[in-house]
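Biologist: Could you take me through one part of this model slowly, the place where two of the chains meet? I'm new to this, so plain words would help.

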Number of protein chains: 4
Amino acid sequence: MSTNTNIRARLLISCLDRPGVVSAVSTFLHQYKANIVQSDQYSTDPSGGMFFMRIEFDLFEDGYDFEEVKKAFTSVASSFEMDWKMDLASRRKRMAIFVSKEDHCLLELLWKWRAGELAVDIPLVISNHPNLKEEVESYGIPFYHIPVTKETKANAESEAITKLHEHDVDFIVLARYMQILSSDFVGTFPKRIINIHHSFLPAFIGANPYAKAFERGVKLIGATAHYVTDDLDEGPIIEQDILRVNHRYTTEQLRVAGRNVERIALSRAVTWHSNDQIIVHGNKTVVF
Amino acid sequence: MSTNTNIRARLLISCLDRPGVVSAVSTFLHQYKANIVQSDQYSTDPSGGMFFMRIEFDLFEDGYDFEEVKKAFTSVASSFEMDWKMDLASRRKRMAIFVSKEDHCLLELLWKWRAGELAVDIPLVISNHPNLKEEVESYGIPFYHIPVTKETKANAESEAITKLHEHDVDFIVLARYMQILSSDFVGTFPKRIINIHHSFLPAFIGANPYAKAFERGVKLIGATAHYVTDDLDEGPIIEQDILRVNHRYTTEQLRVAGRNVERIALSRAVTWHSNDQIIVHGNKTVVF
Amino acid sequence: MSTNTNIRARLLISCLDRPGVVSAVSTFLHQYKANIVQSDQYSTDPSGGMFFMRIEFDLFEDGYDFEEVKKAFTSVASSFEMDWKMDLASRRKRMAIFVSKEDHCLLELLWKWRAGELAVDIPLVISNHPNLKEEVESYGIPFYHIPVTKETKANAESEAITKLHEHDVDFIVLARYMQILSSDFVGTFPKRIINIHHSFLPAFIGANPYAKAFERGVKLIGATAHYVTDDLDEGPIIEQDILRVNHRYTTEQLRVAGRNVERIALSRAVTWHSNDQIIVHGNKTVVF
Amino acid sequence: MSTNTNIRARLLISCLDRPGVVSAVSTFLHQYKANIVQSDQYSTDPSGGMFFMRIEFDLFEDGYDFEEVKKAFTSVASSFEMDWKMDLASRRKRMAIFVSKEDHCLLELLWKWRAGELAVDIPLVISNHPNLKEEVESYGIPFYHIPVTKETKANAESEAITKLHEHDVDFIVLARYMQILSSDFVGTFPKRIINIHHSFLPAFIGANPYAKAFERGVKLIGATAHYVTDDLDEGPIIEQDILRVNHRYTTEQLRVAGRNVERIALSRAVTWHSNDQIIVHGNKTVVF
């Protein structure tokens with residue numbers, strides 16, 4: 001009689017590609033009676049490149065304890081000098097959303113979250129403007145208004161970091177936040193800040209992208225979701241998408257198209273991050 | 001000093017999902033000094049479903065011999081009751097193309113083959129019409145004209161099967177062949193006949209799909225590449241794609257759009273099949 | 001000194017294709033000092049088919065009155081036996097939304113409406129379930145719960161029609177309403193009810209489309225927005241779109257993909273209808 | 001009894017947007033018994049912007065002569081200071097193809113031409129390399145090998161221009177020609193040279209786009225078909241398209257994806273140009 005009470009976990013690994021790594025990992029899991037549910041692997045170059053792996057596995061409820069397995073894995077990991085993490089699928093990541101005045105990306109995320117399409121907790125939303133407060137609170141989520149000016153920027157970031165730590169945040173989504181974050185801030189959450197960029201990068205970097213797209217008469221409007229690094233708009237790309245447009249689109253209509261494609265690309269990126277499907281290596285992402 | 005003379009091989013596995021299968025396979029490969037280059041895995045249901053796996057691995061030139069490894073794998077395979085195959089990546093599959101009068105799918109395949117985008121050998125093309133003979137022969141490929149009428153169909157299929165065996169064919173592509181193959185013929189090449197269907201299945205099955213699409217005013221034109229089974233148009237889907245159309249398209253223009261989307265979907269399906277990326281299970285495909 | 005106070009209007013025409021119709025219409029508009037801003041035209045068959053036209057034009061504020069122009073056009077229209085309508089662009093259509101329990105299509109429309117991307121008024125939402133009441137009312141829109149059972153269906157439809165008339169509704173969107181409307185109801189709002197269908201029509205008609213899609217192993221998930229006619233799911237198609245999926249998608253994940261593509265296709269169809277961009281002819285749409 | 005022997009013609013117009021232009025054109029055509037088959041129109045700004053129009057119309061065989069109509073239109077055109085052209089649909093444009101060593105774009109065009117999907121004549125192909133000579137000549141098309149070095153560039157262009165004039169060429173397609181044309185050459189064929197660019201412009205301009213795309217980890221590979229102007233890669237965009245890729249794509253596989261999307265975007269652009277569907281205005285195209 002099946003009780004279907006297995007414990008699902010995920011393991012992400014990056015290391016130098018060396019013989020025996022898959023064997024070592026799968027044999028380890030087998031020893032702990034883990035059932036491998038899904039496994040993805042990518043090698044940049046089989047003769048001496050990087051090796052990336054994502055495994056979903058089930059532990060039996062009456063078998064080994066997750067924390068015990070995780071601890072035991074340390075020795076496998078260190079023998080291959082792995083960069084790794086192992087986590088329970090049931091542990092929902094805690095996601096903070098930063099937003100400015102525009103609500104389209106914010107609302108897409110809130111809807112998907114409420115519809116159960118996004119397996120995260122959302123402990124807080126932070127904005128440099130007060131206007132989305134009521135909307136956010138109607139979802140039962142605390143909203144913090146932290147204004148930012150040139151003079152107060154350092155203090156504002158400190159205040160935000162304090163809030164993020166208080167709420168034990170795992171990752172941050174810049175849902176059209178429109179503020180450039182300092183190196184310090186980015187360094188506090190490495191590979192854990194996702195931004196949505198208003199174009200098909202690399203293209204139309206900078207201000208007024210839709211006016212430029214209009215002037216250039218583009219036939220496609222794109223958006224790029226990426227991790228934030230110190231180099232503005234140059235971080236690892238997670239997802240890109242496009243919508244078809246034509247000469248009849250005004251700059252305003254290009255902007256509407258842009259909003260729609262931003263929602264789509266950002267929500268895919270957030271879904272993948274929240275499911276531990278992404279490994280960052282250098283300036284690229286491996287999305288499993 | 002790198003000699004870069006490893007031997008690349010591929011292993012495809014289907015079996016009941018049981019604990020230890022990944023461990024057994026990867027440990028086996030490690031014993032034979034194989035380096036796993038890529039690995040994909042899919043379980044339909046971790047508690048008692050099916051397990052599918054595709055592994056690309058490299059053997060060292062001065063190490064174990066491929067045939068030796070393949071033979072030795074038999075015992076692993078039988079202990080898990082695997083349906084499996086292991087093949088050298090360098091062994092190009094031998095692909096026969098069946099064609100009628102229309103050349104668009106045929107030429108797409110011939111071009112990609114000549115451009116080195118399709119890693120197959122093409123020992124012959126068979127057609128029930130003579131009109132593409134010169135074109136095919138200009139690529140240095142033998143062309144066999146085997147006419148088909150209601151009365152001669154059984155004989156024509158026999159003749160085709162003889163030719164296919166003579167040329168040691170691995171799989172067959174129906175590049176708009178327009179003839180329904182008998183159960184006997186299909187049974188001779190199970191899961192090894194790829195067809196391109198002129199619509200987004202299941203939809204507009206039967207004759208005159210573009211006239212029907214025109215009358216229905218569809219906004220998208222699709223095509224479906226699938227393996228051929230006894231149930232006409234009901235075999236496992238490999239790939240589907242669409243092109244956007246509008247009310248201005250005449251039936252003829254819908255047909256042109258259809259030709260273009262057929263080329264795209266079929267050539268993707270053939271590429272995946274030739275790279276051993278597809279596992280058929282029941283009426284579905286797993287494409288790794 | 002720009003006054004920029006022109007009055008924008010739209011004219012939609014269907015008639016038999018006869019020489020002189022474009023000339024007659026454009027000369028009429030010129031006589032009334034109208035400036036043609038955009039004009040689209042489509043002929044099914046220049047020798048004796050149907051002719052469709054959509055014109056956007058501007059009247060000068062200090063010139064002819066819109067109602068005067070509209071009335072005067074009657075004589076042009078009758079001389080060509082036109083099916084036509086002329087309306088002010090500023091007159092926002094009054095859209096009713098019918099919904100059942102699922103909220104994704106409803107919320108997409110409400111959000112776009114609030115964001116100013118949808119130029120309609122939404123005087124009411126009707127549902128056969130009470131659960132979306134609070135959500136709808138938070139947008140300041142009246143919500144009517146009209147339960148439907150086999151026995152009460154006729155009464156429920158009557159009650160709905162009364163509400164729709166009271167609120168002077170122009171068109172109805174079935175945003176996953178999940179109820180089959182009677183011939184009487186459909187006949188009350190001909191070519192003015194838009195439905196979103198959970199598949200790439202014609203395909204997977206009927207119940208459990210995602211389970212069927214899963215079993216068939218489709219590689220694309222589609223949705224179709226269409227006008228409702230007496231033939232269930234057979235009305236004129238307005239828009240279709242697809243999302244790419246693969247063997248890893250569970251039935252539930254196919255359902256999520258379906259929800260997302262439904263939102264996209266439906267909101268495009270509603271936008272076009274609200275901007276008078278659609279002409280229905282027979283079982284097809286002309287989308288200008 | 002219909003004989004269906006009408007004469008189809010096309011009229012393209014650009015001018016300042018002024019009241020009465022549509023009326024003047026359609027009344028003119030009506031006077032000459034022309035039946036308007038299709039009409040598209042676009043105004044950049046109804047109060048004083050640019051006006052663009054494309055009309056397809058039929059003249060009756062036993063009615064007015066095309067040349068007569070064309071001549072008579074001059075007075076309408078001059079009264080509105082139109083930039084215009086009127087041409088018979090039956091007059092196939094004469095297209096020259098310039099190619100270097102890569103054949104994918106060339107072959108796509110030749111194939112579509114032979115399949116009747118491209119209504120042009122192809123009087124010659126010019127290449128700076130000899131290797132595609134046999135292929136081109138197998139289509140019955142003259143092939144001219146005009147080598148280009150830094151020193152001989154001016155002479156080579158002169159020779160090419162001579163050949164183009166001898167063959168009475170209407171427009172030129174750079175099907176991966178890989179040579180930068182001089183201002184003089186471009187000025188000889190203004191708005192009549194179509195190039196396919198190996199990226200989603202503006203992006204990855206310059207050499208090694210696929211290596212750059214690989215390093216940046218893009219998720220989409222694009223191509224841009226555009227008219228050639230003096231500003232390299234900055235001419236009016238005609239069409240853009242993309243293909244989805246992922247981290248598994250090697251630089252070589254990105255290149256293959258690039259070739260496929262180049263073929264698609266270029267052949268659409270050439271089809272539209274050959275059907276007189278494009279009006280260039282400033283650095284943008286209007287595609288009707």
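Modeller: Let's start with a term we'll need: a salt bridge here is a side-chain nitrogen of Lys or Arg within 4 Å of a carboxyl oxygen of Asp or Glu. Keep in mind that this is a predicted model.

Now go to the place where chain C meets chain B, and find Arg244(B) and Asp241(C). Their side chains form a salt bridge, with 3.5 Å from N to O. That pair fits the rule because the nitrogen has to be within 4 Å of the carboxyl oxygen. Across the interface of chain C and chain B, the rule finds four salt bridges. There are also 16 residue pairs in polar contact between chain C and chain B, counting pairs with both residues at pLDDT 80 or more.

So which parts of chain C do the touching? Strand 2 (35–43), helix 7 (209–216), strand 11 (237–244) and strand 13 (284–287) of chain C each give two or more residues to the side that touches chain B. Strand 11 of chain C has the largest share of that side, with seven residues. Sort the residues on this side of chain C by type and you get 15 nonpolar, seven polar and 11 charged.

Step back and take in the whole patch. Here 33 residues of chain C are in contact with 33 residues of chain B. Together the two chains bury about 3000 Å², and 51% of that is on carbon and sulfur atoms.

Chain B also meets chain A, and that makes a handy comparison. In this contact, 20 residues come from chain A and 20 residues from chain B. The area buried between chain A and chain B is about 1800 Å², with 47% from carbon and sulfur atoms. Look for salt bridges across this interface and the rule finds zero. What you do get between chain A and chain B is 12 residue pairs in polar contact, again with both residues at pLDDT 80 or more.

On the chain A side, helix 1 (21–31) and strand 2 (35–43) are the elements that give two or more residues to the surface touching chain B. Strand 2 of chain A brings the largest share, eight residues. By type, the residues on this side of chain A come out as five nonpolar, 10 polar and five charged.

One last stop while we're in chain A: Asp233(A), which an unreviewed UniProt entry lists under "active site". You'll find Asp233(A) in the loop between strand 10 (220–227) and strand 11 (237–244) of chain A. Asp233(A) counts as buried because its relative accessibility is 9%.

Terms used. Residues numbered from 1 in each chain as written. Chains lettered and ligands numbered in written order. Predicted model: local features only at pLDDT ≥ 70, side-chain atom pairs only at ≥ 80, totals over all residues. Heavy atoms only, no water. Contact = heavy atoms within 4.5 Å. Buried area = accessible area lost by both parts, 1.4 Å probe. Polar contact = N/O pair within 3.5 Å; in protein donor to acceptor, adjacent residues only side chain to side chain. Helix = DSSP H or I, 4+ residues; strand = E, 2+ residues; numbered from the N terminus. Nonpolar A, V, L, I, M, F, W, Y, C, P; charged D, E, K, R; others polar. UniProt positions renumbered as here; feature names shortened; annotations may be inferred. Buried < 20%, exposed > 50% of the residue type's maximum accessible area, 1.4 Å probe, protein only.
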